[in-house]
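Got your viewer open? Let's take a walk through this one together, one selection at a time.

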Amino acid sequence: MNFIKLNINQPQAEKLVTLGLSGRSFCCPVFLDNKSSFEAPTYSNAELSPYNFIKIGAFCSIAQAKIGNVIIGRYCSIANDVVIGANEHPLNRLSTSRIIQTPDLHNWQRFASKPIVDINKYAKPYEHCNPVTNIGNDVWIGQGAFIKAGITIGNGAVIGAHATVTKDVPAYAIVTGTPARFQRSRFSSGICEKLEELQWWKYNIYDFIDIDLSNLATALPLLEKKINSWEVEEYTGNVYSLDMINGVVI
Ligand SMILES: CC(C)(COP(=O)(O)OP(=O)(O)OC[C@H]1O[C@@H](n2cnc3c(N)ncnc32)[C@H](O)[C@@H]1OP(=O)(O)O)[C@@H](O)C(=O)NCCC(=O)NCCS
């Protein structure tokens, strides 16, 4: 992996807003995997975990969450205090302490009973401690939810406030609690299948804004007609890499 520092100043941040990327995530300097990318427009106030991979799709609204090693689809809503992709510590070592991974942790080697030469040669890096988490499209994650690293959350799923998600979540499922359990589906299986088939998130929702999207029963046939008659084109938002953001490429 190669890491690049996401690092822009205030005038650059303002320019970025005009390109559709806004929120604190873009203003806080942080090293990220250079394959990270953000599709405009999107808004994120999340703390991005350093040395992690982050990919966020268009039309997401992400509050003060903490996210790392994650692929987030389009039209997702993520509330405050959500944690996605927290590092796991290996459980089978002498200790779960990070000293085994990083012997110079917090510069504590100063407290060794005798000096240790070249302390980092004893480092035993963690492997597979932070697999990528996959969040589908149109996912709503409630306040304070914890999503274990490596989980896959299907399109349209809802994660209840303060849920602890330790297993994959099917599309359109509402899950709640600790550990998160299936509560119900948002829609009947027929409607879920239709939504998965239409993949409306591939489009610009503003192309459907004349349809009453709050009434699914009447909206679905109209949505289907627009999509199947090629009346609307798929949305291809600009995808910004870290290099592009740092250079605020226009
Ligand atoms: C998960 C959620 C969407 C469910 O909404 P709902 O289907 O209208 O839920 P209801 O209020 O009808 O509750 C259904 C059952 O789930 C339980 N429940 C609801 N939310 C829960 C939660 N977050 N954790 C645990 N149980 C929950 C209810 O107690 C009820 O249990 P019962 O059947 O035993 O009585 C909602 O409760 C929630 O958590 N919303 C998140 C809000 C939020 O975080 N907003 C942040 C700003 S974006």
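Here is a route with several stops, and keep in mind that this is a predicted model.

**Stop 1: the domains.** Start by colouring the protein chain by its domain assignment. Domain 1 comes in two pieces, 9-88 and 130-186, while domain 2 covers 89-129 and domain 3 covers 187-232. Now put a distance between the centres of domain 2 and domain 3: taken over C-alpha atoms, they are 53 Å apart.

**Stop 2: the ligand.** Next, select the ligand and show what surrounds it. You should pick up Ser 77, Ala 79, Gly 142, Gln 143, Val 158, Gly 160, Ala 161, His 162, Ile 174, Thr 176, Gly 177 and Gln 183. How many charged residues are in the shell around the ligand? There are none: the shell has 8 polar and 4 nonpolar residues.

**Stop 3: a hairpin by the ligand.** Keep Gly 177 from that shell and add residues 173-176 and 181-185. These are strand 19 and strand 20, an antiparallel pair held over 4 bridges. Look across from Ala 173 and you'll find Ser 185 in strand 20. The hairpin has 4 residues between its strands, and Gly 177 has a positive phi there, near 90°.

**Stop 4: the open sheet.** Now bring up strands 6, 9, 12, 15 and 18. They make an open sheet of 5 strands in the order 6-9-12-15-18, and the pairing is parallel. At the edges sit strand 6 (47-48) and strand 18 (164-165), each pairing on one side only. Zoom in on strand 15 (residues 146-147), which pairs with strand 18 in the parallel sense over 2 bridges. Ile 147 is opposite Val 165 in strand 18.

**Stop 5: Ile 56.** Select strand 7 (residues 54-56) and pick out Ile 56. Is Ile 56 buried or exposed? Ile 56 counts as buried because 29 C-beta neighbours lie inside 10 Å, and the cut-off for buried is 20 or more. Setting aside neighbours within four places in sequence, Ile 56 is in contact with Phe 38, Glu 39, Thr 42, Ser 44 and Ile 72. For a longer reach, add Arg 186: it is 130 residues from Ile 56 along the chain, and their C-alpha atoms are separated by 24 Å.

**Stop 6: helix 3.** Finish with residues 216-228, the 13 residues of helix 3. From first C-alpha to last, helix 3 reaches 17 Å, close to the 18 Å expected at 1.5 Å a residue. Step past the end of helix 3 to Trp 230, where phi is positive, near 60°.

How values were computed. Residues numbered from 1 in each chain as written. Predicted model: local features only at pLDDT ≥ 70, side-chain atom pairs only at ≥ 80, totals over all residues. Pairing = 2+ DSSP bridges. Domains from an automatic or database assignment. Near = placed C-beta within 6 Å. Nonpolar A, V, L, I, M, F, W, Y, C, P; charged D, E, K, R; others polar. Buried ≥ 20, exposed ≤ 12 C-beta atoms within 10 Å, placed from the backbone. Contact = placed C-beta atoms within 7 Å. Expected span 1.5 Å × (residues − 1).
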